[in-house]
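Q: I am new to this structure. Please pick a single part and take me through it closely, together with whatever surrounds it.

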Amino acid sequence: MQSLVADAQWDPRSEYNVSDAERDSRKAMNASQVWRNPELRVTDRDRPTPDDDEVLVRVRYAGVCGSDVSMLETDEDGYVHYSAYLRLPNVIGHEFAGEVVETGDDAQLFDEGDLVTAEVTDYCGRCNMCRQGFMGHCENFEQLGFTIPGAFAEYVAVPEKLCWDVSSLRDAYGSDDEVLRAAATIEPSTITYHGLFARAEGILPGDYHVYHGAGPIGLTGMNVSRAAGAGDVIAFEPSDDRREVARELGFDHVYNPIDRDPVATILSLTDGEGADVHVETAGAVSQTYPVIEDALAEGANVVHISNAGSDPGIALRKYQGNGAQLYGSEGHTGHQVYPRVIRLMAAGQLDTRPIITSTFELSNADDAIRRAAERVDGKVLIEI
Ligand SMILES: [Zn+2]
Ligand SMILES: [Zn+2]
């Protein structure tokens with residue numbers, strides 16, 4: 001089967017302490033310290049065979065994520081930007097939807113022909129983190145498209161406990177093809193849903209939400225905030241193209257933070273109260289946090305989602321003085337986040353299809369990653 005494989009050289013930086021577990025498993029916990037001179041190739045591999053607890057999914061659509069791009073982008077020494085978990089070579093891609101075509105001997109949740117999407121992190125269920133309910137931080141995790149083969153391929157084998165049925169979207173989207181196209185964008189929506197409702201507490205209908213960054217995660221998040229009854233959704237994004245996508249999604253309060261003072265803008269749109277919810281989806285933390293901290297409503301929730309390469313200075317007194325909370329949020333595992341996002345889509349409250357702005361064939365999947373690296377698209381999809 002055809003697949004897109006990323007590879008690089010295992011060459012840990014001299015100042016990085018490689019653990020025995022990393023060396024033995026070749027699973028780097030911080031890829032940017034270990035993997036060097038990355039390359040991509042579209043290549044033939046054997047079709048995977050599902051384990052007993054897995055299903056084999058024929059992939060129909062798969063989205064390119066910022067993390068896929070950052071596995072290819074490097075610093076001046078050739079080390080990849082991606083700073084989380086990565087084992088190479090690997091079939092990358094983790095935002096996908098397709099059809100179950102085979103089930104493992106012990107798999108019980110799905111039948112052949114079911115339309116599914118899947119979570120990314122495979123958790124063990126037995127470690128201390130899992131037993132506390134933090135499966136997203138499982139000590140024995142693997143991640144589809146990062147440490148085990150992912151979805152830029154004709155087929156992917158997936159633990160069935162990570163899969164969710166999306167056939168309930170047929171009424172909303174009509175054809176199975178359109179269901180799967182929409183379902184390939186569920187994963188980015190779950191990232192902000194998890195931050196707003198599994199991590200932060202007390203977000204209310206009518207709250208003012210501000211997105212600092214309207215790339216793929218910010219755009220899907222704005223949709224989630226609207227579906228959840230935000231009083232207004234405001235966004236700051238320097239890319240003209242991305243602001244245009246946001247406007248096409250029906251958001252009017254979308255601004256270029258370089259042209260227009262974000263703090264003054266937020267205060268004027270919120271009657272001087274500031275925003276109840278700030279979501280950091282830009283990663284430009286030295287620019288965004290000073291804005292956030294000067295535009296906190298009383299009791300504001302700040303949700304930190306982006307992968308920032310540096311740390312901002314935090315103005316603690318402003319959090320204290322406003323009774324504000326800062327929540328870190330990573331991933332989307334658990335808390336029934338997936339089925340709830342799917343229900344919002346089935347109910348017609350959430351439609352992420354307008355975010356899809358480019359589509360490539362699998363044979364040109366490497367070009368799809370390069371296109372996403374231009375950072376002008378909402379979402380780049382690969383059609384298989
Ligand atoms: Zn992603
Ligand atoms: Zn675990």
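A: One term first: two residues are in contact when heavy atoms of theirs lie within 4.5 Å. The model is predicted. The part to look at is helix H12, residues 337-346.

Start with how H12 is covered. Seven of its ten residues are buried, so H12 counts as mostly covered. The buried ones are Val337, Tyr338, Pro339, Val341, Ile342, Leu344 and Met345. What covers them? Strand E10 (163-165), helix H4 (170-173) and helix H5 (176-183) are part of the cover. E6, H6 and H7 are also included. Strand E6 spans residues 115-118.

Now take one of these partners, H6. Helix H6 runs over residues 186-199. Its axis comes within 9 Å of the axis of H12. The two axes cross at roughly 110°. H6 is therefore roughly perpendicular to H12. The crossing is right-handed.

Which residues meet there? H6 brings Ile186, Glu187, Ser189, Thr190, Tyr193, His194 and Ala198. H12 answers with Val337, Tyr338, Arg340, Val341, Ile342, Leu344 and Met345. By class, nine residues of this contact are nonpolar, three are polar and two are charged. In soluble globular proteins, nonpolar side chains tend to be buried together.

One residue of H6 leads on to a core. Ile186 meets H12. Ile186 is also in a nonpolar core of 46 residues. Tyr211, Val224 and Leu381 are among the other members. This core is separate from the largest one, which has 51 residues. In that largest core, Trp35, Val64, Phe96, Phe152 and Val158 touch the most other members.

H7 is another part of the cover of H12. Helix H7 covers residues 216-227. Ser225 sits in H7. Its relative accessibility is 0%, so Ser225 counts as buried. Away from its close sequence neighbours, within four places, Ser225 contacts Leu196, His209, Tyr211, Ala230 and Val233.

H7 has a helix partner of its own, H8. Helix H8 is made of residues 240-248. The axes of H7 and H8 come within 11 Å and cross at roughly 15°. H7 and H8 are therefore roughly parallel. Their crossing is right-handed. Pro216, Leu219 and Met222 of H7 make the contact with Arg242, Val245 and Ala246 of H8. Five of these residues are nonpolar, none is polar and one is charged.

Back to H12, and to what follows it. Just after the helix, Gly348 takes a positive phi of about 80°. Then comes Arg353, in the loop between H12 and strand E17 (356-361). Arg353 reaches a part of the chain far off in sequence: Ala183 is 170 residues away, yet the two C-alpha atoms are 9.1 Å apart. Leaving out residues up to four places away, Arg353 touches Tyr173, Glu178, Arg181 and Ala182. Tyr173 falls within H4, while Glu178, Arg181 and Ala182 fall within H5. H4 and H5 also help cover the buried residues of H12.

To recap the part itself: H12 is mostly covered, and H6 crosses H12 at roughly 110°. After the helix come Gly348 and the loop that holds Arg353.

How values were computed. Residues numbered from 1 in each chain as written. Chains lettered and ligands numbered in written order. Predicted model: local features only at pLDDT ≥ 70, side-chain atom pairs only at ≥ 80, totals over all residues. Heavy atoms only, no water. Axes fitted to C-alpha atoms, helices over the stretch in contact; angles between N-to-C directions. Helix = DSSP H or I, 4+ residues; strand = E, 2+ residues; numbered from the N terminus. Parallel < 35°, antiparallel > 145°, perpendicular 65-115°, else oblique. Left-handed = near helix turned anticlockwise from the far one by under 90°. Nonpolar A, V, L, I, M, F, W, Y, C, P; charged D, E, K, R; others polar. Core = buried A, V, L, I, M, F, W, Y, C linked by side-chain atoms within 4.5 Å. Buried < 20%, exposed > 50% of the residue type's maximum accessible area, 1.4 Å probe, protein only.
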